[in-house]
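Please examine the structure shown below before reading on. The paragraphs that follow lead through its cross-links, its helices and its pocket.

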Amino acid sequence: MSCSRIVVLFVCQLTLAFLVQKAFGVSNCSSSETFAANDPYGANLMELFSNLSTQTPPTLFGQASVGQPPDQVYGLALCAAYMSSSNCQTCVEQAANESQNSCPNKKSAIVWSNWYGDCILKYSDVDFFGQVDTQNKIVYQNPNTAGNPVAFAIQTSGLLLQLSNQSSAIPALYAAGELQVYGLQKVYGLAQCTRDLAGSDCEMCLDNLIDTVIPTCCAGTEGGRVLSGSCFLQFETFLSFRLIKSTTVIQNPMNKY
C-alpha cells in the first residue's frame, strides 16, 4: 500500500460552518461571525498568525491571544511530533494563508494542513483554550482491508488505547509505538494532543476518536488518520515518514486469535 492511496473519507460536520478542501489541507470556517476589512480584529488576527509561526516551530506547539475585547483573538497551532521545526513553520504559515483564502473575514476557523506533514491551526474570538474539541474532525482512510479484519481491528484498538494513555502522561502529550499479535500484520500508531489540554482531557479526546470514529471509518482497514480540533491519531501497517519516530514497542497483551 502506498501513501497516495489513502483517501479522505469524511469531515465531521459543524453546525453553521462550511468546509473547504484544497490540495494541502481542509478548512472549517465559521459562517456566522465576520469582521470588516478595516476592523481591529483583522490586524489582531495577522499578528496572531505571526506569533504562532514564530512560537510554534521550536516545540511544535504554540498558543497566543492578541488584542482586547471585543476584538481579541485566540489561537493555537500544533505540528505533528515527527516534523522538523522548519517544516512545522512552513506548515503553520501555509495553514494561515489557507485560512485567509478559504475563510476570508471569518472570526473563527480550523485548518488541518498536510504541507510537509500534519499541523492544526485554530483561532476564534472566543477563548477555547483547555476545551476538548472532537466535534470538528477530518478522517483519512486506507482503502485496503486487513487480512483478518476483525482481529486486526482489535489489535489496532488495543495499540491506540495504550498510546492514548501514554501520551496523556507526558508533557509533550504525544506517544508512538507498534504492536504485533501472533498471525497478524504489525501495526504502527501515534497519538498526539494540543498542549493547552490537561493530560486527562488529552486522553478523553483521543479515546473519543478511538471509540466513536475509528470503528465507523477504519475498523479492519490497514490504516487511518483522524485529526480533530484538539488531538489526532494515526495507524498504519508500514513505517511511513509520519511514524518514523515510533519509540515504543507495545508488549502483546493479547493471545493468539
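**Disulfides, helices and a pocket**

When the bonded cysteines are counted along the chain, the disulfides of the protein pair in the pattern 1-5, 2-3, 4-6, 7-8, 9-12, 10-11. A disulfide is here a pair of cysteine sulfur atoms within 2.5 Å, and by this rule there are 6 disulfides.

The model is predicted, so that local features need pLDDT of at least 70 and side-chain atom pairs count only at pLDDT 80 or more, while totals for chains, interfaces and linings use all residues. Residues are numbered from 1 along each chain as its sequence is written, and side-chain values use heavy atoms, with hydrogens and water left out.

Three of these links may be taken in turn. One disulfide joins C79 to C88, with an S to S distance of 2.1 Å. The link of C79 and C88 is right-handed, with 80° about the S-S bond. Both C79 and C88 are buried, a term that means under 20% relative accessible area (exposed is over 50%, partly exposed in between; 1.4 Å probe, protein chains only).

The sulfur atoms of C91 and C119 lie 2.2 Å apart and form another disulfide. The torsion about the S-S bond of C91 and C119 is about -95°, and the disulfide is therefore left-handed. Because C91 belongs to helix α2 (residues 85-102) and C119 to strand β7, the pair ties together parts that are 28 residues apart in sequence. Helices (H or I, at least four residues) and strands (E, at least two) are DSSP runs, numbered from the N terminus. C91 is buried, with a relative accessible area of 0%, and C119 also counts as buried, at 0% relative accessibility.

The third link joins C217 to C218, S to S 2.2 Å. Its torsion about the S-S bond is about -95°, so the disulfide of C217 and C218 is left-handed. C217 counts as buried at 4% relative accessibility, and C218 counts as buried at 1%.

Helix α2 deserves a further look. At 1.5 Å a residue, the 18 residues of α2 should span 26 Å, and its end C-alpha atoms are 25 Å apart, which agrees; the expected span is 1.5 Å times one less than the number of residues. Which residues of α2 are buried? They are C88, C91, V92, A95, A96, E98, S99 and S102. These residues cover an arc of only 165° around the axis, which puts them on the same side of α2; the arc is that of the directions from the helix axis to the C-beta atoms.

In helix α4 (residues 199-217) lies I214. I214 is buried, with a relative accessible area of 8%. Between I214 and V226 there are 8.0 Å in space, C-alpha to C-alpha, and the two are 12 residues apart in sequence.

The pocket remains to be described. The largest pocket holds about 360 Å³ of space. A pocket is an open set of points on a 1 Å grid over the protein atoms alone where a 1.4 Å probe fits, with protein on both sides within 12 Å along at least five of seven lines; lining residues have an atom within 4 Å of a point. Of the 20 residues that line the largest pocket, S108, K122, Y123, S124 and F128 are the closest to its centre. The elements giving two or more residues to this lining are β3 (25-30), β6 (109-113) and β7 (119-124).

Methods. Grid points are joined across faces, edges and corners, and a volume is the space filled by probe spheres set on the points.
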